[in-house]
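Thanks for asking me to look through this one with you. My notes follow as numbered points, so you can check each against the coordinates.

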Amino acid sequence: MEPAGEKDEPLSAKHRRPVKCPSQESPYLFSYRNSNYLTRLQKPRDKLEVREGTEIRCPDKDPSDTVPTSVHRLKPADINVIGALGDSLTAGNGAGATPGNLLDVLTQYRGLSWSVGGDESVSTVTTLANILREFNPSLKGFSVGTGKETSSNAFLNQAVAGGRAKDLPVQARTLVDLMKNDTRIHFQEDWKIITLFIGGNDLCDFCSDPVRYSPQNFSDNIGKALDILHAEVPRAFVNLVTVLEIVSLRELYQEKKVYCPRIILRSLCPCVLKFDDNSTELATLIEFNKKFQEKTHQLIESGRYDTREDFTVVVQPFFENVDMPKTSEGLPDNSFFAPDCFHFSSKSHSHAASALWNNMLEPVGQKTTHHKFENEINITCPNQVQPFLRTYKNSVQGHGTWLPCRDRAPSASPPTSVHALRPADIQVVAALGDSLTAGNGIGSKPDDLPDVTTQYRGLSYSSGGDGFLENVTTLPNILREFNRNLTGYAVGTGDASDMNAFLNQAVPGAKAEDLVSQVQTLIQKMKDDHRVNFHEDWKVITVLIGSRDLCDYCTDSNLYSAANFVDHLRDALDVLHREVPRALVNLVDFLNPSVMRQVFLGNPDKCPVQQASILCNCVLTLRENSQELARLESFSRAYQSSMRELVESGRYDTREDFSVVLQPFFQNVQLPVLADGLPDTSFFAPDCIHPSQKFHSQLARALWANMLEPLGSKTETLDLRAEIPITCPTQNEPFLRTPRNSNYTYPTQPAIENWGSDFACTEWKASNSVPTSVHQLQPADIKVVAALGDSLTTAVGARPNNSSDLPTSWRGLSWSIGGDGNLETHTTLPNILKKFNPYLLGFSTGTGEGTAGLNVAAEGARARDMPAQAWDLVERMKNSPDINLEKDWKLVTLFIGGNDLCHYCENPEAHLATEYVQHIQQALDILSQELPRAFVNVVEIMELASLYQGQDGKCAVLPAQNNCTCLRHSQSSLEKQELKKVNWNLQNGISSFSYWHQYTQREDFTVVVQPFFQNTLIPLNERGDTDLTFFSEDCFHFSDRGHAEMAIALWNNMLEPVGRKTTSNNFTHSRAKLKCPSPESPYLYTLRNSRLLPDQAEEAPNVLYWAVPVAAGVGLVVGVIGAVVWRCRRGGRREDPPMSLRTVAL
């Protein structure tokens, strides 16, 4: 009563079925004809001699000229031996069975097997062995006829019907022994091709024991077999064919219009066929099938089998996405199957053979994963340019790379957090830096030195987009494998302003100070370009800078100091952090100058050594083992450490959509050396300085690897000789790594034991003869130091008190005159000078009056006390037996005014500013008249008006309780404004002393105003609050840390020209902030040696009269606004602006 092809099976004794009746539409007993069913018996069947054959019409069937030694240069005709491992699909079960003959499926037609059969020839039987015999008729190892694996016909087809992955090691062992023992095979010399295909039976039975047939066990068992081959078989190319997509078998099973022995089929593969379409068991099968394929790829892509030049394993994926072949009516075509509808017919074997062959000739990464069995058999010929069987290594062209990553999908929805950013989420790539990033000389021919000026931006490691990853390895080309819509990369050549540079805004010759400009240009380009959705697109921006700074550091070691370098870098990153949404910034270390020297100086015949001073003077012209070279290395280390400290400060981890990650792969570069012992210049452009494309390819691979490595485990070495693997995101770790998703905590800064400084100056000797002019005075010429002032110079409260007595004056720690310890433990002006002249006199030590030396400052002093202090100082110098008053050069520092300002409101009608200037002038006149050979520093007063900020805790009231009456009473904004006005008038009054006529007439005397306190904001801690570590217990005077910062600022001011002195101070801890005299500028700066013309000097006071208060005001306003904005961005904890360091009283 049921049509043929739709009859219910099997019969169950447990269920009682109703008797069916004939219907009006189908009154007949069903036969094949009235069921419209075409049986397999009725289909015409080709004879064996016309079975799926093909023709090989390849023009080049020749072997290599000499037997290759590398598997990556293996031509088809070089293959001498063929073998195979697997299950019944490789054994050939039923491949030649006649239609309907189910028993014949038990026959193993090994001669028809797709991967190793050798029956007849390729014109009648298409198999891999028969294809290879067209290239090498002497091929050995193929199977013929029928029989089990133990038969002589099987030869090296050692597949076992019913085989599972766990059986592969035994098969591999048997295969190896057969090859070793067969006299027809030269085991050591013959090239072998071995095809391994397994997994169908594992999937068919997985539901009976999911643990036993797990993807991991599947992969492990394949690995064991491959390990045997890898360990014992020389000269072998192994095809590992991924398991087919077995769920498509259900289409054949479920289509009632196609005849199949369903009871037998279901018994052969129950876990595929017995479950419902929407069952969890079927979903698990599909997941296992996918995992089997993925694990196979991961096993091989690990590089585990690419450790020898004569052995490789290549995954051939043509079965991965196979569809059930269909007839012209759209039904499953059972002609591709043996009578059991499970094993392959000869027709399928032929198609599988051609698909495998074509896969073998396709580059890795471009292999077909979806073979259509309905199509005609097509045999591809080896490429005449690349005639080899393709491996992971030879699939890469020129400087290309193969990307093994299988999971290239973006996040399910665009991420909002930079810590959940996948490679495929990146839409925009950009770069900043110097000529290395601009691409100078990347594509230049070896002898074409002038071409190094060409900027090959399209080949740049971090932003180039020329070609594709297969032939050009760059970060954008890697990212384009994940997101074909990536934008921002550069192509071709040209400078930063060219259209094809796009978001590669690096400029040749750029230094750290140029980064802010590059950042601003980049931001504007991203905002203006229609290809970039500025607020929504995720961006990767790579920054590399520093080489040019080091190339010029010796011309002005202060200008190119580590402190200045990191200041410029910080400014640029701050702009990115403030203005660019959704960005991951790679901060890359610069090329170590020692590598540049090694290449450049190690190849005098190839490198333009005569241009060393032009190309990179401060790196390439230094003598080996010289003090200057040691200093260069010190600068380089300081640059690197300052970069690390900046990033690890957490400054750029305050937003969810922004992070800066230090990628340290460039820290230690290992340079290849040739057989003659010389560095390999093929990694460099013709100038031997800029990296070639070969080098850039390694840079891109190393950068990519760093981006996927968790913080704390990043590679810090770049071995240019190594084959850097392209790593892939994993299922457990799919994101580009940031501190948070690395579970990384920045290392806490070690406890600072003291506030000393490191001394890096090399120009420290005294003048050849004692100078007679103050304008030619070097630091080492100073013999005597002295100081005038108030409690800031006596260093009240520099250390905590041990009792409740009055605050102690720690004169030995005073910024301008203290001499306790040494520079490494206490940063003071005398301790700096003692590095130049260990026999310095006059400094204070300890706390007692008896050891005050020439520190004549007194607590509570005002400007009116300066003349008396000047006379006191003169008398002490005259009475000292150690001082030669006429011949010794003296450095005197005067700092006063805080107490004057604190008490101005007691008599607001008095002409405070006028009297203040007059008193200081009287003191200077005394010094000018009485002291020969003297250099006098006059330090500008701080601004005090913002001191009373309503700080929490004890500091909220102490300022008013101290002797600063005017701060106590200046509560209203008008009163505060008046206090500021008075403050500015005091600053203005002394700002022009450097230009006063009476202090410029003598050759051996000068007065120089040092303005570092003019625009200095109070330091803030990480929470954005006032950093009280700079202040004493009374929150008013300076601590020893504050004194150290004042000493650094004063010293640096002394080495800056008049008119170009720093008017602010950077209160960040660093032991490397001290500037050094240079060979070009060895003197303490005066008006004259600052090269200010006489007419300028005479006009200067009138100009500066208004310039100073305006500058101070503008600086204060800008600083306060900046700090307020910064605090708001930190979470709006406080509404008060930060205090100015000019607020600390005295």
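1. Let me start with one cysteine, bearing in mind that this is a predicted model. C58 counts as buried, because its relative accessibility is 7% and the cut-off for buried is under 20%. Its disulfide partner is C381, with the sulfur atoms 2.0 Å apart. C381, by contrast, is partly exposed, at a relative accessible area of 28%. The torsion about this S-S bond is -90°, and the link of C58 and C381 is left-handed. In sequence the two cysteines are 323 residues apart: C58 belongs to the segment before strand 1 (79-86), and C381 to the loop between helix 10 and strand 5.

2. How many disulfides does the structure hold? There are nine, and two others deserve a look beside the one above. C551 and C616 are joined with an S to S distance of 1.7 Å, a value you may like to inspect yourself. Their link is left-handed too, with -95° about the S-S bond. This disulfide connects helix 14 (residues 547-552), which holds C551, to helix 17 (residues 612-620), which holds C616, across 65 residues. Both C551 and C616 are buried.

3. The other is C761 to C1076, at 2.0 Å from S to S. The torsion about its S-S bond is about -85°, so this disulfide is left-handed. C761 sits in the loop between strand 10 (717-719) and strand 11 (782-789), while C1076 sits in the loop between helix 28 (1040-1054) and helix 29 (1094-1129); the pair therefore ties together parts 315 residues apart in sequence. C761 is buried, as is C1076. For contrast, C21 counts as exposed, at 64% relative accessibility.

4. Now the aromatic rings. A search of the whole structure gives 33 aromatic pairs. One of them is W114 with F318, edge-to-face, at 6.2 Å centre to centre and 75° between the planes. Because W114 is in the loop between helix 1 (88-91) and helix 2 (128-135) and F318 in the loop between strand 4 (311-316) and helix 10 (346-361), this pair ties together parts 204 residues apart in sequence. W114 is buried at 0% relative accessibility, and F318 is buried at 1%.

5. F482 and W704 make a tilted pair, 5.6 Å centre to centre with 35° between the planes. F482 lies in the loop between helix 12 (475-480) and helix 13 (515-528), and W704 in helix 19 (residues 693-708), so parts 222 residues apart are tied together. Both F482 and W704 are buried.

6. W114 and F318 also belong to one aromatic cluster, whose other members are F197, F319, F336, F344 and F373. F336 has a charged neighbour as well: the charged end of K347 lies over its ring, 4.2 Å from the centre. Elsewhere, K192 is over the face of F187, 5.2 Å from the ring centre.

7. Finally, the sheet. Which strands are at the edges of the open, parallel sheet ordered 5-6-7-8? They are strand 5 (426-433) and strand 8 (658-663), each pairing on one side only. From one strand to the next the twist averages 20°. Strand 7 (residues 583-588) pairs with strand 8 in the parallel sense over six bridges, and N586 has V661 in strand 8 as its bridge partner. Helix 15 (residues 562-579) packs on this sheet, touching strand 5, strand 6 (538-544), strand 7 and strand 8, and its direction makes about 165° with that of strand 7.

Technical notes:
Residues are numbered from 1 along each chain as its sequence is written. This is a predicted model: local features need pLDDT of at least 70, side-chain atom pairs count only at pLDDT 80 or more; totals for chains, interfaces and linings use all residues. Side-chain values use heavy atoms; hydrogens and water are left out. Rings of Phe, Tyr and Trp (its six-membered ring) pair if their centres lie within 6.5 Å; planes under 30 degrees apart count as stacked, over 60 as edge-to-face and the rest as tilted. Helices (H or I, at least four residues) and strands (E, at least two) are DSSP runs, numbered from the N terminus. Buried means under 20% relative accessible area, exposed over 50%, partly exposed in between (1.4 Å probe, protein chains only). A charge sits over a ring if NZ of Lys or CZ of Arg is within 6 Å of the ring centre and within 35 degrees of the ring normal. Two strands pair if DSSP finds at least two bridges between them. Axes are lines fitted to C-alpha atoms, for helices over the stretch in contact, and angles run from 0 to 180 degrees between N-to-C directions. Contact means heavy atoms within 4.5 Å. A disulfide is a pair of cysteine sulfur atoms within 2.5 Å.
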